[in-house]
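Me: I would like to learn how to read some features of a two-chain model. Please take them one at a time.

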Amino acid sequence: MPVLSLSGAIQKIDGRAFLGPITWQADLSGITCVLGPNGAGKSLFLALTHGMRAPDGGAVTWDGAAATATRTRRSYVQQQPVVLRRTVRANVAFPLRAYDSGRVDRALIEASLQDKAKSPAATLSGGELRRMALARALVTDPQVLILDEPFAGLDPANAATIEAAITSLSARVPVLMSTHDLVQARRIASQILFVADGQLLEAGDAGSFFEEPRDPKARAYLAGMQL
Amino acid sequence: MEILTTALELILSGDAELGQIVGLSLAVSFSATLLAALFAVPLGAALAIVHFPGHRAVLVLGTSMMALPPVVVGLAIYLLLSRAGPLGPLGLLFTPTAMVIAQTVLVFPIILSLTHQAIAPLAREYTPLFQALDTPRGRQVCTLIWDARFAVSVALLAGFGRALAEVGAVIIVGGNINGLTRVMTTTIALETSKGNLTLALALGLILVSIAIAVNAVTHALTRLGGRYQVSR
């Protein structure tokens, strides 16, 4: 299990500390959901843990190595997945430094997109685009899968398909994801990280978080109150 | 009307002189476009992803160079290539090579600016993926050029059209020598001044036909490129 460690990690925006300082360490397994209100810093937290952003202070490491230096070992899927102006197959193959047809085929099959492989990615529906982004994230066999609001803007049927895919994947790849859907988080998460006002206010077992949140802001958030 | 008929007959007759002039025009303009594209396309893409102090000034300079007066460019190249100039010993003045150099200078800023304009929005769209995958700069440039290939082709066609229609610079550095450096535009200017309107009109018709063909290809490429664009 990969060990994520944040030690006084700070992320600034326009010179102001927007996130942190955060100190936290955990072995990641299953699905870890990052919860919090809009503008809490969830996306920034995910970008920081992935390594695509370097902390402005403190350190973020995976198994002792700086996250920025090892970011290719993790896959990150944006809230609005980037769609290359290519075919679906070329999109899925893009992260590979050396083309591997077998890997691409497996990723396409896993995402049920083998029939669309030759179509321009621009012709896919919203749900199919998310599946393509998942396939692209999986093609490199990442150690961790980081997903920023993977269900945003999807209809219930597509959201259910993506949820089933993520749940199935989490058996072999730890998933760190943000979501606004509390019912879904309760259903699939094994661990919860609660972020508000740029701080990690609560982290722990999902059952305990939903039954008995310790932080007052977490309680207010679960009660549907404006923070 | 009679001149037009004679001009059309001249085109259809497969006149050798006409063919030689058209052939040289296409060869010079094609070579200049290719040479300019070799540097301008990667540079335009690189400027879309690399930001540095003075980045905007470079872009403004590039765009401003599109308005360079061809005669001034011709004069500058002439001074460089003339016998007393720094490149005089190469003996390139009044050769097709000199015309290619002049047209390359004129076409470069057009291809650079249009390529940058086409690639900059795509670069903004792709940056999160490049960051997440830690994509090397070289691969980013190649990816952007390939994915904007239709728009980049349009930039090349615009450059080719500009080169083909250019007269001021090539007449200065080429000298409009019969059988050696005479191209469509310079011949039209010369033959019109001599009163030989048939040849001038025939070349004019060919020039306009090429411009229409280039425009048609540009439209087709733009439509083709639209197939790969996501509408959010």
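Reply: What follows goes through chain B, a helix pair, the contact of the chains and a sheet. This is a predicted model, in which local features need pLDDT of at least 70 and side-chain atom pairs count only at pLDDT 80 or more, while totals for chains, interfaces and linings use all residues. Residues are numbered from 1 along each chain as its sequence is written, and chains are lettered from A and ligands numbered from 1 in the order in which they are written.

Me: How many helices and strands are there in chain B?

Reply: Elements are DSSP runs numbered from the N terminus: helices are H or I with at least four residues, strands are E with at least two. Chain B has 10 helices and zero strands. Its C-alpha atoms fill a box of roughly 65 × 45 × 25 Å along the principal axes.

Me: What percentage of the residues in chain B is buried?

Reply: A residue is buried if 20 or more other C-beta atoms, placed from the backbone, lie within 10 Å of its own. Of the 232 residues in chain B, 39% are buried.

Me: At what angle do helix 1 and helix 10 of chain B pack?

Reply: Axes are lines fitted to C-alpha atoms over the stretch in contact, and angles run from 0 to 180 degrees between N-to-C directions. Helix 1 (residues 2-12) and helix 10 (residues 197-226) of chain B pack at about 70°, their axes 8 Å apart. That makes helix 1 of chain B roughly perpendicular to helix 10 of chain B (65 to 115 degrees). Residues are in contact if their C-beta atoms, placed from the backbone, lie within 7 Å. Among those making this contact are B:Leu4 and B:Ala7 of helix 1 and B:Leu201 and B:Leu205 of helix 10.

Me: How many residues does each chain give to the contact between chain B and chain A?

Reply: Chain B gives 13 residues and chain A gives 14. On the side of chain B, helix 5 (residues 96-133) gives the most, with seven residues.

Me: What is the strand order of the open sheet in chain A?

Reply: Strands of a sheet pair through backbone hydrogen bonds, either parallel or antiparallel. Two strands count as paired if DSSP finds at least two bridges between them. In chain A, four strands form an open sheet in the order 2-1-4-5, with antiparallel pairing. Strand 2 (16-27) and strand 5 (65-66) of chain A each have a single partner strand, so one side of each is left without a neighbour in the sheet. Five bridges join strand 1 (residues 3-13) to strand 4 (residues 57-62) of chain A; A:Leu4 has A:Trp62 in strand 4 as its bridge partner.

How values were computed:
Angles under 35 degrees count as roughly parallel, over 145 as roughly antiparallel, 65 to 115 as roughly perpendicular and the rest as oblique. Two residues are in contact if their C-beta atoms, placed from the backbone, lie within 7 Å. A residue is buried if 20 or more other C-beta atoms lie within 10 Å of its own, exposed if 12 or fewer, and partly exposed in between; C-beta atoms are placed from the backbone.
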